[in-house]
Amino acid sequence: MFAAAAADGVIITLASGYRSFRTQTATYGSYVRTRGRAEADTASARPGYSEHQTGWSFDIGDGGGACSFQPCFAQQQAAVWAKANAHRFGFVVRYPWMLHEITGYYYEPWHLRYIGVAAATDMSTRGIATLEQYFGLEAAPGYL
């Protein structure tokens with residue numbers, strides 16, 4: 001996928017990949033300390049719940065740091081390209097704009113999740129935005 005983007009003149013970089021339980025604990029803990037638990041739960045998964053811990057998700061950047069991990073990243077070439085082409089490689093933008101009540105997380109145009117080429121292409125073709133909608137699941141539940 002990164003090579004295909006580069007062939008189209010777009011730089012996509014790996015900003016964050018697999019996270020261990022320890023790393024996710026630190027990541028989530030940082031959000032809790034700076035934003036409080038309730039807001040942290042909409043921006044970062046608690047340890048043991050992160051898609052990054054599965055190895056099936058990663059975050060992208062554009063190599064220049066413009067709008068890194070901010071909603072404005074959606075307007076950067078890397079995010080625009082990924083949104084239009086990631087399905088060809090089995091990925092979806094996991095947390096789309098304004099669907100946080102379904103996914104449980106606010107918009108993250110940088111967070112890609114691997115689901116396989118067939119499923120990602122089917123979602124794209126049918127205009128289905130979230131995995132919850134695609135698999136007929138209820139909205140993401142809150143933590144117990």
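A residue is called buried here when its relative accessible area is under 20%, exposed when that area is over 50%, and partly exposed in between, using a 1.4 Å probe and the protein chains only. By that yardstick, buried residues make up 42% of the 144 residues in the protein. What you are looking at is a predicted model, in which local features need pLDDT of at least 70 and side-chain atom pairs count only at pLDDT 80 or more, while totals for chains, interfaces and linings use all residues. Residues are numbered from 1 along each chain as its sequence is written, and side-chain values use heavy atoms, with hydrogens and water left out.

**Overall build**

- The protein has 7 helices and 4 strands; these are DSSP runs numbered from the N terminus, with helices being H or I of at least four residues and strands being E of at least two.
- Following the chain along its sequence gives the pattern α-β-α-α-β-α-β-α-β-α-α.
- For 144 residues, a compact globule would have a radius of gyration near 15 Å, and the protein agrees with its 15 Å. That radius is taken over C-alpha atoms, and the globule rule is 2.2 Å times the number of residues to the power 0.38.
- Along the principal axes, the C-alpha atoms fill a box of roughly 40 × 35 × 25 Å.
- About 8,000 Å² of the protein is exposed, with carbon and sulfur atoms supplying 56% of it; accessible areas come from the Shrake-Rupley method with a 1.4 Å probe, and for residues only the protein chains shown count as cover.
- Among contacts (heavy atoms within 4.5 Å) with a separation of 6 or more, residues 24 or more positions apart account for 61%.

**The sheet**

- The 4 strands form an open, antiparallel sheet in the order 1-2-4-3; two strands count as paired if DSSP finds at least two bridges between them.
- Strand 1 (13-16) and strand 3 (91-95) are the edge strands, each with a single partner, so one side of each has no neighbour in the sheet.
- From one strand to the next, the twist averages 50°; axes are lines fitted to C-alpha atoms, for helices over the stretch in contact, and angles run from 0 to 180 degrees between N-to-C directions.
- Helix 4 (residues 77-85) packs on this sheet and touches strand 2, strand 3 and strand 4, its direction making about 140° with that of strand 2.
- As general background, strands of a sheet pair through backbone hydrogen bonds, either parallel or antiparallel.

**Strand by strand**

- Strand 1 and strand 2 run antiparallel and are joined by 3 bridges, with Thr13 opposite Gly61 in strand 2.
- Strand 2 (residues 57-61) also pairs with strand 4 (residues 108-114) in the antiparallel sense, over 3 bridges. Here Phe58 stands opposite Leu112, and Asp59 stands opposite His111.
- In strand 2, 5 of the 5 residues are buried, so the strand is largely enclosed by the rest of the structure. Ser57, Asp59 and Gly61 point one way, Phe58 and Ile60 point the other way, and all are buried.
- Strand 3 pairs with strand 4 in the antiparallel sense over 4 bridges, and the bridge partner of Tyr95 in strand 4 is Glu108.
- Strand 3 also has 5 of its 5 residues buried, so it is largely enclosed by the rest of the structure.

**The disulfide**

- A search of the whole structure finds 1 disulfide, defined as a pair of cysteine sulfur atoms within 2.5 Å.
- The link joins Cys67 and Cys72, with their sulfur atoms 2.1 Å apart.
- This link is left-handed, with -115° about the S-S bond.
- Cys67 is partly exposed at 22% relative accessible area, and Cys72 is partly exposed at 30%.

**Two residues to find in the viewer**

- His87 sits in the loop between helix 4 and strand 3 and is buried, with a relative accessible area of 17%.
- Leaving aside neighbours within four places in sequence, His87 is in contact with Val117, Ala120, Thr121 and Ser124.
- Arg37 lies in helix 3 (residues 37-40) and is partly exposed, with a relative accessible area of 45%.
- Not counting residues up to four places away in sequence, Arg37 touches Tyr28, Val32 and Arg46.
- The C-alpha atoms of Arg37 and Gly63 are separated by 31 Å, and these residues are 26 apart along the chain.
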